[in-house]
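Thank you for coming, everyone. I would like to walk through one model this morning, going slowly from single residues to the contact between chains.

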Amino acid sequence: MEVDIAQALARLAPALGGTGVEGAQRLSGGASMETWAFTLTGPGGPHEMILRRRPGPFDEETSRSTSLATEAALIQAAAKVGAPVAPLIRLCEPGDGLGEAHITARIAGEALGRKIVADPRFEAVRPGLARQCGQILAQIHSASPEGIPLKRSDAAEELDRYEQVYRQSGAQRPILELAFQHLKKHTPAPVADVLLHGDFRNGNLMISPDTGVAAVLDWELSHLGDPAEDLGWLCVNSWRFGRSDKPVGGFGDYGDLLAGYAEAGGVAVDLSRVRYWQALGSLKWGVMCLMMYSSYAAGAESSVERPMIGRRVSETEIDLANLLEAGL
Amino acid sequence: MITHPRTEELVEAVARWIDTIRPELKPRDAFLARVAVNVLGVVQRELTLGPAAEADAIERMSGLLGHGGGYEDLTAELCARLKSGELDADTPGLLAALRANAQDQVAIDQPNYSSAR
């Protein structure tokens, strides 16, 4: 049955500390996750909020993503160590009539990567973003995962998982093949696991034109693992939005990222380890692009967007060839 | 193939028409229409650049493998020899050849992509 979101939110208003709800509007078109913006009204003035809800069933055991309850716990754990997040307002209960869902504050700013790297509004904060990201990642990595049901992974396991997907796709891509073999042969020495964000990149960061990173969004891929995984993912060329000369998110340099990380108490991480994970990130993104094409080819998705994403594999090939030529 | 019009001209005409109606579409359809125009761009470039790119890729792969053949067979053999470790990043000329192939493919798929050296 279709849920009337505006009505359910209006019924929930007192529990959120208001009297009514205005302007409930769906923001993104993801099939497995809905995001809604709304305004809570009441004597305390209007409050901008975000509802995230999963309309369908979900099995946390077998999924790569976390449940929304786990995401809520992650947001709280990150807030506790001082990382900027959109604060949790409510983890919804069955009686709320919204299904699996949570509500957070809506943080003002811009999350579109191409605007963050190019829009003049962000000129003032842009030079400081890489250092800020390093500091925030050190904070996140210091958060306690206690009581949060997270999976763990390392480079070898990630390679294994994505290699299986690649083999199943039936695609023959020499550079992806080379990258799998090369990265398997050069896996970095093990380090102590930390709590990772799992998708920390330009596009999942709410940026304020006045203060820089205002909130880290989208925690659903969080897991335990190598701190360099988060640092490297932020540097994958696919999220530099045309500014490939700025390795950190299209806005900064490796040195600032690592300096920020060390300043905020992060363990010492070699640039070579970040570059290794950056290459693994490009390889993963290449395989994800193949997966999205496969879901179209299998008839599971019909949007014109899906097959076109399959043509983004070559961007990861050129990036991987460059990284391999540079000796990573 | 006939030339009045050439296939790539037909594709270009459709892309131009989609561009003219985009402003009237709802946001989701306007987004998908932009994707559709990009798809037609790929088709157009594959028609014009594809044959030379494939011939060059065949030549580069033949050089690496020491014999000629069709694009798919050469690609499959190259993948198999990379998987077995017989060829790797240290093989002379390998990275340069693969890089050139990828560069030609990106020129078809996303000519404005800014790759990081």
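A:Arg273 is buried, with a relative accessible area of 15%, where buried means under 20% relative accessible area, exposed means over 50% and partly exposed lies in between, using a 1.4 Å probe and protein chains only. Its partner is A:Asp226, and the two form a salt bridge whose closest N and O atoms are 2.8 Å apart, a salt bridge being a side-chain nitrogen of Lys or Arg within 4 Å of a carboxyl oxygen of Asp or Glu. A:Asp226 lies in the loop between strand E9 (223–225) and H7 of chain A, while A:Arg273 lies in helix H9 of chain A, so the pair ties together parts that are 47 residues apart in sequence. A:Asp226 is buried too, at a relative accessible area of 7%. Helices here are DSSP runs of H or I with at least four residues and strands are runs of E with at least two, numbered from the N terminus.

I should say early that this is a predicted model, in which local features need pLDDT of at least 70 and side-chain atom pairs count only at pLDDT 80 or more, while totals for chains, interfaces and linings use all residues. Residues are numbered from 1 along each chain as its sequence is written, chains are lettered from A and ligands numbered from 1 in the order in which they are written, and side-chain values use heavy atoms, with hydrogens and water left out.

A second pair brings us to helix H5: A:Lys284 forms a salt bridge with A:Glu158, with 2.7 Å between the closest N and O atoms. Because A:Lys284 sits in helix H9 of chain A and A:Glu158 in helix H5 of chain A, this pair joins parts that are 126 residues apart in sequence. Both are buried, A:Lys284 with a relative accessible area of 8% and A:Glu158 with 0%. These two also belong to a network of salt bridges that links A:Arg64, A:Glu158, A:Arg161, A:Glu229 and A:Lys284.

Which residues of H5(A) are buried? They are A:Ala155, A:Glu158, A:Leu159, A:Tyr162, A:Glu163 and A:Tyr166. They cover an arc of only 125° around the axis, which puts them on the same side of H5(A); the arc is taken from the directions from the helix axis to the C-beta atoms. Their cover includes helix H6 (174–185), helix H7 (227–233) and helix H9 (271–297) of chain A, together with helix H3 (71–83) of chain B, where contact means heavy atoms within 4.5 Å.

That last helix leads to the contact between the chains, which takes 34 residues from chain B and 31 residues from chain A. Between them the chains bury about 2800 Å², 64% of it on carbon and sulfur atoms, buried area being the accessible area (1.4 Å probe) that two parts lose on being put together, summed over both. There are five salt bridges between chain B and chain A, and in one such bridge the side chains of A:Lys185 and B:Asp88 meet at 3.6 Å, N to O. On the side of chain B that touches chain A, helix H2 (27–65), H3 and helix H4 (94–109) of chain B each supply at least two residues, and H4(B) gives the most, with 11 residues.
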